[in-house]
Amino acid sequence: MVLEQDILPYLQWFLGSSDTLGALPRFLLVALGVALLGLLGGYAVAAARHGILRGGDLTYRTVSAGFRELFEMSPRRIGALAKLAIKEAWRRRVWVAFAVFIVILMFAGWFLKTDHQDPAKLYISFVLTATTYLVLGIALLLSAFSLPSDFKSKTIYTIVTKPVRSGEIILGRILGFTAIGTILLATMAICSYVFVVRSLDHTHDVELSTLKKIAGATGNEGRTSLDAYHRHFIELDVEGAENQALSNHGHYHPISRRGENIRVGQAENFIRARIPQWGTLRYLDRQGTEQARGISVGSEWTYRSFIEGRSQAAAIWTFENVKPPSYLDDPDIPDEDKGLPIGLIVRVFRTHKGTIGKAIGGSIQVRNPETLLTSEIDYFPAVDAKVDEQTIPRKLTNIADGSEIDLYEDVIQDGKLEVIVQCLEPGQYFGFARPDCYLRMPDGSPILNFVKVYLSIWVQMVIVIAIGVSASALLSGPVAMLLTVSFVLLGFFRDFFVGVAAGTEYGGGPVESLVRLITQQNVMSPLKAGGAEPIVQGIDFGLQGIMLSVAQVLPDFSAFSTVSFAAYGYEVPAERVFQDLTTCLAYIAGLAVVGYFLLRTREVAR
Amino acid sequence: MSQETVVQTRSLSKVYRDFWGRQKVRALKALDLEVHRGEVFGLLGPNGSGKTTTIKLLLGLLFPTSGEALIFGKNSTDVGKNERLGYLPEESYLYRFLNAEETLDFYARLFDMEPAVRQERVDALIKQVGLDKARKRQLQEYSKGMTRRIGLAQALINNPELILLDEPTSGLDPLGTREMKDMILRLKDEGKTVIMCSHLLADVQDVCDRIAILHQGELKELGRVDELLTVADVTQIRATGLSDDCQNEIRDVINRHNGEVLQMDNPTTTLEELFLSIVRDSEARPGRRAASPTEQGSAPQSDA
């Protein structure tokens, strides 16, 4: 799973630290900037229309009324307007979105292949992505056209001639559409879960002809029938009470044995919620010198960096707060079950084909970060991009003298542990990012994880609704929709937008890019515009300033999405959920204030 | 009648501008007006005279270009004034997917009414406007008359002290018109202040205490209806018991034949005559306050 930005502890994220600006101070700064800009803009318009003094008086009265009305808002009025928005949404056939969703699910089975290596990932990412786009689309349509429709039909006359504050109209709309969107989303969530579970559900038979005794051990091994495009290898002990078909395609099957009858149960563990404990990552280069990053293999995406095979190059993760399992001292549990479970994802970069069908070999060791006591090398076959779940055994061998060492007593010191991974084949490379190795905690509830992912979709929906409603307080329906769509699209590509604004993207600013596009110049060479380069770059400088300002209030929709967590089978961290909810609340508050002043300062009638 | 001022406008002006801020129309020019508690006040004027603009300025739906409008002493853009105000728009701008009960309940919630009070008020108003049997029907199924009645009910949901009615009898049949006028008079009896604008002069004449006549955004006439309609320079004699021969020379005959003089006073014109006369005069002499037709000796209506 890709995790490009670290998930900070909530308080650190909210208040900030010595080297990062927290969400709250950032919000206050942006709010102050927007407020000053709004104040100056409002005064400029008022002064142009009514003169300097009267303009100032009107601006003061509008702002002071805004503060006063903040305390005069009535939950009952907001509730009434929210209820009206729900009825209006229902009348505008919001349920059609649900019908479309059901139709999509009905036909999705035709196109989603179950021969995928990890079909759960495919199914989950499909339903979550479809839900996201449908819900955002319906949120956009509902929010952008509601108030303009009231203005057009003049029903707003009978609202604003009641003691209704503009803020109540904005909040009522946002809450109403959020309520109907929540119902829609919850229904889609239930349908999606049922669809995924039922689509992935299957079983196998044991191919009895393949069963043979395990060499050097008791029990039998064999394989299952080929169903749903895959089969499993099985190992049955003599008792045969608690067997599993080995994990394949991201799941396993329980096997029960009654005498000669062997029954394979339904697929399990398709949908998971792994809880990782991440550490920090550093690299050693081929000479064994410590580096902040590995080497680049030429990929533009610099998320992972690579270590070279058959050299001293290594990726070293340091974990803190490593705790032994609670059953460590339980004499009934054998030592081999008291190891430390870890997860490892390796991106394999081959500079030559190697042996066809054979995985690239890697090694894993654990080390005491203080005493540098290191375990013997443990080999593993690295399958590209697959989550390799291993357990570091409790009893290890000291690589220095071959003595037996205890993981919890000798290697883990003050809760700290180092895990060293190397590539063993020359000319081949392993690529890693920090989240690619983690300590595995007991899995969380997949259903709860599903709920968390839907919460992140809900957050996106609410922000779209808030933008749409606030924009529609001033603009006509189509224009408000275009503005909201622009916000959403720019929000999905916020990093690129910020890159263009900050001048870190190749090709210059918007005007320079346009000139390059028209004159067919590549983005790397210096701009040639027949002597007009300073003008082009001057205009870009101004535009980039505006873009940077817009970027401060642009919601990062790509960062809100937690679809990949569920698709790859990881639990969405609670910190992340609370951060998203807080961000959502900040957007609602900010946009409601903006919407209030837009509605308050416009003439309702024509 | 109390002389407490409920509505006051001071040099209230409104200029409509285009997107670029250029003046399109001067809809209202320095209107000075006072409406007192308990009176029924009529705003008259041809299309485009500024009466709807005045209503919208009073309601805060439009912002004045200059001058100010005060309702209960508060600026018209102050939302707080709406607590004591009811408004019936020209068309019933209501949510057509709601039924009568839902509509009134919704508007009652906007006044922050407690549920019990709300229920009671909704029931009473539905019965008062005669929609008891149609209370569960969506407004989109209502006839024009029924829509006006539910519109009136929403305007009265808060038991307002000031009611603004924009063309209250528009689209109503004679019976509905009669009921609306009775309702206005009943509101007056309850001590409420009513401001209405209408094209139907007979309706205004029937219910209004005072009227203002606007033309091209200017106030042309303002005063009590009975005073405005009085023709000052003409004497009207109402008599009975006269023979056919005496009717040609009525004044002499009354004296000579000992007829009984029942009434001798100034006759009144109709509001329609007054209105048309003012409009004609305003068009002939724009920018000046029109001379009252009653001062011009225009056609008096004789009941003789």
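The face of α13(A) turned away from its buried side carries two exposed residues, A:L517 and A:I518. Exposed here stands for 12 or fewer other C-beta atoms within 10 Å of a residue's own, buried for 20 or more, and partly exposed for anything in between, with C-beta atoms placed from the backbone. This is a predicted model, where local features need pLDDT of at least 70, side-chain atom pairs count only at pLDDT 80 or more, and totals for chains, interfaces and linings use all residues. Residues are numbered from 1 along each chain as its sequence is written, while chains are lettered from A and ligands numbered from 1 in the order in which they are written.

Back to the helix. On the inner side of α13 (residues 510–519) of chain A, you'll find A:V511, A:E512, A:V515 and A:R516 buried. Seen down the axis of α13(A), those buried residues fall within an arc of 140°, so they line one face of the helix; the arc is that of the directions from the helix axis to the C-beta atoms. They pack against α14 (533–553) of chain A. Just after α13(A), A:Q520 takes a positive phi of about 55°.

Now for chain A as a whole. Its secondary structure comes to 17 helices and 21 strands, where helices (H or I, at least four residues) and strands (E, at least two) are DSSP runs numbered from the N terminus. Of its 606 residues, 36% count as buried. Its C-alpha atoms fill a box of roughly 95 × 60 × 50 Å, taken along the principal axes. Among contacts in chain A between residues at least 6 apart in sequence, 70% join residues at least 24 apart; a contact needs two C-beta atoms, placed from the backbone, within 7 Å.

What are the residues with the most contacts inside the largest nonpolar core? They are A:A139, A:M461 and A:A466, in a core of 161 residues. Such a core is a set of buried Ala, Val, Leu, Ile, Met, Phe, Trp, Tyr and Cys residues joined through C-beta atoms within 7 Å. Leaving out residues up to four places away in sequence, A:A466 touches A:I174, A:Y587, A:I588 and A:L591. A second, separate core has 35 residues, including A:I307, A:V346, A:V387 and A:V421.

On to the strands. An open sheet of 6 strands in chain A has the order β9-β8-β11-β19-β14-β15, with antiparallel pairing. Two strands pair if DSSP finds at least two bridges between them. At the edges stand β9 (290–291) and β15 (378–382) of chain A, each with a single partner strand, so one side of each is left without a neighbour in the sheet. Within the sheet, β14 (residues 360–367) and β19 (residues 417–423) of chain A pair in the antiparallel sense over 6 bridges, and A:Q365 has A:I420 in β19(A) as its bridge partner.

Elsewhere, β2 (residues 220–223) of chain A runs antiparallel to β3(A), joined by 4 bridges. A:G222 stands opposite A:I234 in β3(A). Side chains alternate along β3 (residues 233–236) of chain A: A:I234 and A:L236 point to one face and are buried, while A:F233 and A:E235 point to the other and are not.

Where do the two chains meet? In all, 22 residues of chain A are in contact with 23 residues of chain B. On the chain A side, α4 (75–91) and α7 (155–160) are the elements that give two or more residues, and α4(A) has the largest share, with 6 residues. The chain A side that touches chain B divides into 8 nonpolar, 5 polar and 9 charged residues. For that split, Ala, Val, Leu, Ile, Met, Phe, Trp, Tyr, Cys and Pro count as nonpolar, Asp, Glu, Lys and Arg as charged, and the others, Gly among them, as polar.

As for confidence, the model scores ipTM 0.82 and pTM 0.86. Chain B averages a pLDDT of 83, with 82% of the residues at 70 or above; pLDDT is the predictor's confidence in each residue, from 0 to 100. Confidence in chain B is lowest in helix α10 (residues 293–296), at a mean of 50, and highest in helix α2 (residues 100–110), at 95. Over residues 296–304 of chain B, pLDDT stays under 50.

Two chain B residues other than glycine take a positive phi:

| Residue | Phi | Location | C-beta neighbours inside 10 Å |
|---|---|---|---|
| B:A30 | about 40° | strand β2 (residues 23–36) of chain B | 14, partly exposed |
| B:D112 | near 60° | loop between α2 and α3 (115–128) of chain B | 17, partly exposed |
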